[in-house]
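Student: I have a structure in front of me and would like to learn how to read it. Could you take me through it step by step?

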Amino acid sequence: TVIVESAAKLFEPGGWTYGRHGTATHEALKLGMLELEGAKHCALVASGLLACTVPFLAVAEAGKHVLVGDNVYGPTRRFCERMLKRLGCEVEYFDPLIGSAIATLIRPNTRLIFVESPGSMTFEVADVLAIAAAAKAAGVATALDNTWSGGVFLKPLALGFDLSIQANTKYVSGGADVINGAIMTDREDLFTQIKETITDL
């Protein structure tokens, strides 16, 4: 249910016109996620996997290149193997313990470095400071799947990453009773790309 003061307010920029675009409940969750992650912007999506895949679709395209930690969540890797490759984007996997040597893998057409730390099932802890620094020097966007820390023990944005992602299906919700995901950032330009991609999907 969308409740507004007047019909005119229903169509103001940023107003709620359709539940899929947000409601007061969504806004409350976003405020909580912003506080938890220390972020300026938060976008919600229908699942944790969608939170992991939207950044790829927002910044990558045919003829471009992305770097993905070799230990990422299985379905994220499956998306890279099936969807991204089919769309003509080159996917290259890297040792999650690579640290600053990630700079040797960055190409002129690299659009995103995606990390999960600790890694799914194998729990490698990446040197996120070194990876973020190398990416920034090259002008490449970075995303970190922060689900394992629940946003409590790791603050990717404070360490230089552009995007922090959580599957709220896990710790944020207590597990087992909701399905959704969140994408946080401090970058206005990247947030615009993320929102547009979510709207298109």
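Tutor: We will go through the sheet, the helices, the cores and then a loop, bearing in mind that this is a predicted model.

Student: In what order do the strands of the open sheet stand, and what is the pairing?

Tutor: Strands of a sheet pair through backbone hydrogen bonds, in either the parallel or the antiparallel sense. Here seven strands make up an open sheet, ordered E1-E7-E6-E5-E4-E2-E3, and the pairing is mixed. Strand E1 (41–45) and strand E3 (90–94) are at the edges with a single partner strand each, so one side of each has no neighbour in the sheet. On average, neighbouring strands of this sheet are turned by 20 degrees against each other, direction ignored.

Student: Where can I see the parallel and the antiparallel sense in particular pairs of strands?

Tutor: Strand E6 takes part in both, since E5 and E6 run parallel and are joined by three bridges, while E6 and E7 run antiparallel and are joined by five bridges. Leu 163 of E6 is the bridge partner of Ala 143, and Leu 163 also stands opposite Thr 185 in E7. Towards the E3 edge, strand E2 (residues 65–69) pairs with E3 in the parallel sense over five bridges, and there Leu 67 stands opposite Glu 92 in E3.

Student: Which residues of E6 lie on one side and which on the other, and are they buried or exposed?

Tutor: In a regular strand the side chains alternate between the two faces of the sheet. In E6, Leu 163, Ile 165 and Ala 167 are on one side, Ser 164 and Gln 166 are on the other, and all of them are buried, leaving both faces covered.

Student: Which helices lie across the strands, and at about what angles do they run?

Tutor: Helix H2 (residues 24–37) lies across E1, strand E6 (163–167) and strand E7 (181–185), and runs at about 130 degrees to E1. Helix H4 (residues 74–86) lies across E2, E3 and strand E4 (110–116), and runs at about 155 degrees to E3.

Student: At what angle do H3 and helix H6 pack?

Tutor: Two packed helices are described by the angle between their axes together with the distance between those axes. For H3 and helix H6 (residues 188–200) the angle is about 105 degrees and the axes are 9 Å apart, which makes H3 roughly perpendicular to H6. Residues making the contact include Val 54, Pro 55 and Leu 57 of H3, with Leu 190, Gln 193 and Ile 194 among those of H6. Sorted by class, this contact of H3 with H6 has eight nonpolar, two polar and no charged residues.

Student: Which members of the largest nonpolar core touch the most other members?

Tutor: That core has 28 residues, and Phe 56, Val 66, Val 68, Cys 80, Leu 84 and Phe 114 touch the most other members. Helix H3 (residues 48–59) gives the most to this core, with six residues. A second, separate core has 16 residues, including Ile 106, Ala 132, Ala 134 and Leu 154.

Student: Where does Gly 151 lie, and does it count as buried or exposed?

Tutor: Gly 151 lies in the loop between strand E5 (141–145) and E6, and with a relative accessibility of 0% Gly 151 counts as buried, because the cut-off for buried is under 20%. Leu 36, Glu 37, Asn 146 and Gln 166 are touched by Gly 151, not counting residues up to four places away in sequence. Asn 146 is found in the loop between E5 and E6 as well, and Asn 146 is also buried, at a relative accessible area of 0%.

How values were computed:
Residues numbered from 1 in each chain as written. Predicted model: local features only at pLDDT ≥ 70, side-chain atom pairs only at ≥ 80, totals over all residues. Heavy atoms only, no water. Core = buried A, V, L, I, M, F, W, Y, C linked by side-chain atoms within 4.5 Å. Buried < 20%, exposed > 50% of the residue type's maximum accessible area, 1.4 Å probe, protein only. Helix = DSSP H or I, 4+ residues; strand = E, 2+ residues; numbered from the N terminus. Pairing = 2+ DSSP bridges. Axes fitted to C-alpha atoms, helices over the stretch in contact; angles between N-to-C directions. Contact = heavy atoms within 4.5 Å. Parallel < 35°, antiparallel > 145°, perpendicular 65-115°, else oblique. Nonpolar A, V, L, I, M, F, W, Y, C, P; charged D, E, K, R; others polar.
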